[in-house]
Amino acid sequence: MKYPALYLIRRIFFHSRRFWPHIAGIFLLSLLATPIALLKPYALKLIIDNGFGSHPLPEIIIYLFPENYQFTFNSVLIIAVVIAITIALIDNIIGFVSWVLDTLTGEKLVLNFRTLLFNHIQRLSLAYHDSKGTSDSLYRIQWDTMSVRAFMLGQLPTLISSFITLISMIVVMFMIDIEFAVIAVCVLPPLFILTRLSTKLLRKDWYKVKDAESNAMSVVHEVLSSLRVVKSFGQEDNEGNRFINHANKALKGQMKMARVGASFSFAVNMLLAIATASFLYLGATFVQSGKMTLGELTLVLAYLGQIFWPLQSIIKNLNEVQSSIASIDRVFSVLDEEKEVKESTHAVQLSRSKGEFKFEAVSFAYEKDKPTLQDVSFEIKPGDRVGIMGSTGAGKSTLVSLLMRFYDPSSGNIFIDGKDIRNFKLADYRAQFSIVLQEPVLFSTTIGENIRYGKPGATEQEIIDAAKAANAHEFIIKGKEGYDTPVGERGMQLSGGERQRISLARAFIKNAPVLILDEPTSSLDIRTEAQIMEAMERLMEGRTTFMITHRLDTLNTCNLIIHLENGKLTDLVRDHDANFLSNKKSAFLNQDLDV
């Protein structure tokens, strides 16, 4: 999505409104640089015209000295030195304050946008993340947000102050000599045309570079998160080549823009060189004819540099702005992504559910004309243990995702305790569920903090009780740091069974009325599976439980079996007899389907 630049600038200002006083302070300090820049050549003029020459000193300097004071070459030289040091001191004080304020404001501004983007991305649908990938979101949060700082505190203030400096210098030039001023103004139209051409070319290419850089990061993210697989297949070189291919696309884009920028810079510098040569020729003839002094020519040439510097600054910044605009566009394009699951404006609170559910003609499709679930209807009583079976792609995980309201049905309704789930606040509704996955998700912190994730603010004793219920306490206290033991990234410093028991402890401590078990024992050895099954039995007591599995033997504890195939409900059996699962297993095997 590509927004107009002015629209993006308005939105940046709106989202940065908390920092307007800081930005205004930085801008005012940058404006002070204009009069300081105007004064810098003045000391040199004094030395040339009033030290070496015989021109009288300006009235304001004479006023500061006693009446009839005799100004010698040395006194004029000292006055010029004091003026130069004073100007430099003021300039450096302004620079120091600007530096500190710029750093403070910039860091806060980036943090504000990163937080805004991160919080929004968390709430986007799983379908969005499935299509975009994690690395793209990481790139936008980490790198694209940096462009907000570059634009708001670097490029935009510099552009504005450069325009003010340019106008001020042109006015001064008109006051000194109209002919010089006309030459300076004649430079502006061709510069405007060159700038217009370059910005159009650059902005389009910056989008391609950002995408290529994001794709290169995706390779890094995938490889580092799957390093065991990469190493086991010996694919390090292939992955390195895949990274280089994406990175080279970004490099080619950067080089293309470098060529455009360098060509543009060459044209601008030649134009300014011609203008400078014209000034030099005209000024030399004026000095020779007596129309101006050598000091005045020196001052004019210094001001000429002060005119061309903001011109070059404006041109440079306008091109750099295109990179920032492309990144800012990418930030707002994510912020404008609508949440697939929207909370009703009249949503009510839900304290603790009884665990009663009803699916009423529920259908769902990730893509149009490709239904994943079709017209599914069933009822769940409080405390039911529901086994969900079916071959791969039958719709089991989708059904649970709809149950937890990760998506809303394409048609039909889901009820909890007799009320539509869309009537409740999302946070309250999802708080009714605990989930234990086939691959437990642990965070890079301690064992205790991972268990506490199910109940923020839980006491140490509650954490220990939950671990004991999950048969995890014994292995935890055997570690050197006990509950303060770091688990490593994604819990990789623990075994699969240990990770699963911590995941169960997290479910225990949350104490939600509804439990979802998604293949929780499929990758464990017999002894560990027995320990976890024992803990799961305790966890399921008094809770409505949904168990997804391909291992039909584990469904023996369920009193309700839901069988899905091709998105349709083929069987709904309550209080099944001993032969039901055996017959289903035989049917699966005969059809060469997953069990």
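**Close-up 1. The second largest pocket of this predicted model has a volume of about 660 Å³.** Of the 23 residues that line the second largest pocket, Thr-195, Arg-196, Thr-199, Leu-318 and Gln-322 are the closest to its centre. At least two lining residues come from each of α1 (5-15), α8 (146-176), α10 and α13 (294-335), and α10 supplies the largest share, eight residues. Sorted by class, the lining of the second largest pocket comprises 17 nonpolar, three polar and three charged residues.

**Close-up 2. The largest pocket has a volume of about 2,400 Å³.** Its lining consists of 45 residues, and those that lie nearest the centre are Leu-126, Phe-406, Val-441, Phe-443 and Tyr-453. Two or more lining residues are given by each of α5 (73-122), α6 (126-132), α7 (134-144), α10 (188-225), α15 (426-430), β6 and α19, with α10 giving the most, five residues. The lining of the largest pocket divides into 24 nonpolar, twelve polar and nine charged residues.

**Close-up 3. Helix α9 (residues 178-186) packs with helix α12 (residues 236-289) at an angle of about 170 degrees, their axes lying 10 Å apart.** Because an angle over 145 degrees counts as roughly antiparallel, α9 is described as roughly antiparallel to α12. On the α9 side the contact is made by Glu-179, Phe-180, Ile-183 and Ala-184, and on the α12 side by Ala-275, Ser-278, Phe-279, Leu-282, Gly-283 and Phe-286. Seven of these contact residues are nonpolar, two are polar and one is charged.

**Close-up 4. Six strands form an open sheet of mixed pairing, in the order β6-β7-β8-β3-β9-β10.** The edges are occupied by β6 (433-436) and β10 (568-574), each of which has a single partner strand, so that one side of each is left without a neighbour in the sheet. With direction ignored, neighbouring strands of this sheet are turned against each other by 15 degrees on average.

**Close-up 5. Within this sheet, strand β3 (residues 385-389) and strand β8 (residues 544-548) pair in the parallel sense over four bridges.** Gly-387 stands opposite Met-547 of β8.

**Close-up 6. Helix α19 (residues 496-510) lies across strands β6 and β7 (514-518).** The helix runs at about 175 degrees to β6, the strand that stands at one edge of the sheet. Both α19 and β6 also appear among the elements that give two or more residues to the lining of the largest pocket.

How values were computed: Residues numbered from 1 in each chain as written. Predicted model: local features only at pLDDT ≥ 70, side-chain atom pairs only at ≥ 80, totals over all residues. Heavy atoms only, no water. Axes fitted to C-alpha atoms, helices over the stretch in contact; angles between N-to-C directions. Parallel < 35°, antiparallel > 145°, perpendicular 65-115°, else oblique. Contact = heavy atoms within 4.5 Å. Nonpolar A, V, L, I, M, F, W, Y, C, P; charged D, E, K, R; others polar. Pairing = 2+ DSSP bridges. 1 Å grid on protein atoms, 1.4 Å probe; cavity = no way out; pocket = protein on both sides within 12 Å on 5 of 7 lines; lining within 4 Å. Points joined across faces, edges and corners; volume = space filled by probe spheres on them.
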